[in-house]
Every structure is written in structure tokens, then in C-alpha cells.
Amino acid sequence: KKKTLANNITIALSESIDTSRADILFGITTGSNYSYVSTSITKGGFHHVSAVYDPKGDKRLKLAINDTVVSSSTRTVFDLVDQKGADLMIGTGEAARINNQVFTPQQSFSGSLDNFRVYHTARQRIDVQKDKRKTVYNHSDLKLIYGFNEPAGSYSGKDIILDGSGN
């Protein structure tokens, strides 16, 4: 989120009383333009989640679970999706506007993340499938990559992750 509720890119798990499923949301809000997609995932298992917005392609938000696109938005043109200088919060967060509703986190994420990647461009499904289980190294489209199995050694801070993208 960048300073206001009206400028954010959010991926969130919604609160759920269901013991077997939870909803995952992906939304972008810039000023008065907003779009979001959502789907349900099974609790207690690992899922490969891809959230994509392609401003040069079909201009739709897409949410893919385990290589299958399960939710796609209507076409939405965002004038500017500028997140430079914005905080990136993983596992916790602040209120964000998704689909003209304010989403307020109720608790921090309790689970495991293996890998978190952000690319400058929309990734094609075949490329996501090819790279999802590989160690990915620096290339021009990769904005950041967090491995969540680092750093090795002894550190006083417990909330350290390293960006392996080379950016």
C-alpha cells in the first residue's frame, strides 16, 4: 500500500471460520479505479499461487492456483500502478481498499511461504510452470525474489529475508 487506501496492490487471505478452506484475494486500486479477483484454497496444504496483471496485454487481473487460472477480472485499465517507495508487507499488513471495500487484516499469516517473486512484466503461464520449482537467478524481468530459507547463521533479528534478484 502506498500512503493511502486508494493506492495499493494486495494479495490477502480472508478470515474464515471454515476449517478446511480460506479465500485468497488479489486486488489493485489506483485512485477511483479498482479491480479484484478471489478464489478459495484448501487449508493445510501447499499451493503455488500466481497473481498477475498484464497492463500491455488483456488488462485483467488473474489468480492461478497450482498452474490453473481460477479467477479472472473484467478488463481494467489503470493509468499508473506506482508502488515506488511503498512498504511491502508479507504475513501482516494494514487496511487496503479492495473492490471499493476496506479490507482490514484481523491477524498475521500463520503458515509457510517457500518463495515470493515479483516481476516487471506479466509472466506467461508456461514460464511460471517452468520456473516455479527452480532456483531463479537475476534477469531483467525479475524485480525481487525472497527465498524464506535465508539467511544462514546467527542473527539478532528474526525477520530477515534477502532479495536474491540482484536489483
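Biologist: Why is alanine 22 called buried rather than exposed?

Modeller: In this predicted model, alanine 22 has a relative accessible area of 9%, and a residue counts as buried when that value is under 20%, so alanine 22 is called buried.

Biologist: Where along the chain does alanine 22 lie, and which residues does alanine 22 touch, if those up to four places away in sequence are not counted?

Modeller: Alanine 22 has its place in strand β2, which covers residues 21-30. With those sequence neighbours set aside, alanine 22 touches Ser14, Ser16, Thr39, Ser40, Ile41 and Lys43. As for serine 40, which is 18 residues apart from alanine 22 along the chain, the C-alpha atoms of the two are separated by 5.5 Å.

Biologist: How do you know that leucine 61 touches Phe26 and Phe78?

Modeller: Contact means that heavy atoms lie within 4.5 Å, and by that cut-off leucine 61 touches a list of residues, not counting those up to four places away in sequence, which includes Phe26, Ile28, Val37, Tyr53 and Phe78.

Biologist: What makes a set of residues such as Ile24, Phe26 and Ile28 part of a nonpolar core?

Modeller: The members must be buried residues of certain kinds, Ile, Phe, Val, Tyr and Leu among them, joined through side-chain atoms within 4.5 Å. The largest such core here has 10 residues in all, namely Ile24, Phe26, Ile28, Val37, Ile41, Tyr53, Leu61, Leu63, Ile65 and Phe78. Strands β2, β3 (33-42) and β5 each supply at least two residues of this core. In soluble globular proteins, nonpolar side chains tend to be buried together.

Biologist: How do you know that β5 and β6 are paired strands?

Modeller: Two strands pair if at least two bridges are found between them, and 4 bridges join β5, residues 61-65, to β6, so these strands meet the condition for pairing. They run antiparallel, and isoleucine 65 has threonine 68 in β6 as its bridge partner.

Biologist: What makes β4 and β6 edge strands?

Modeller: They belong to an open sheet of 3 strands in the order β4-β5-β6, with antiparallel pairing. Within this sheet, β4 (49-53) and β6 (68-72) each pair on one side only. Neighbouring strands of the sheet are turned against each other by 25 degrees on average, with direction ignored.

Biologist: How many helices and strands does the protein have, and what share of its residues is buried?

Modeller: The secondary structure comes to 1 helix and 10 strands, running from the N terminus as β-β-β-β-β-β-β-β-β-α-β. Of the 167 residues in the protein, 28% are buried, which means that this share has under 20% relative accessible area.

Technical notes
Residues numbered from 1 in each chain as written. Predicted model: local features only at pLDDT ≥ 70, side-chain atom pairs only at ≥ 80, totals over all residues. Heavy atoms only, no water. Axes fitted to C-alpha atoms, helices over the stretch in contact; angles between N-to-C directions. Buried < 20%, exposed > 50% of the residue type's maximum accessible area, 1.4 Å probe, protein only.
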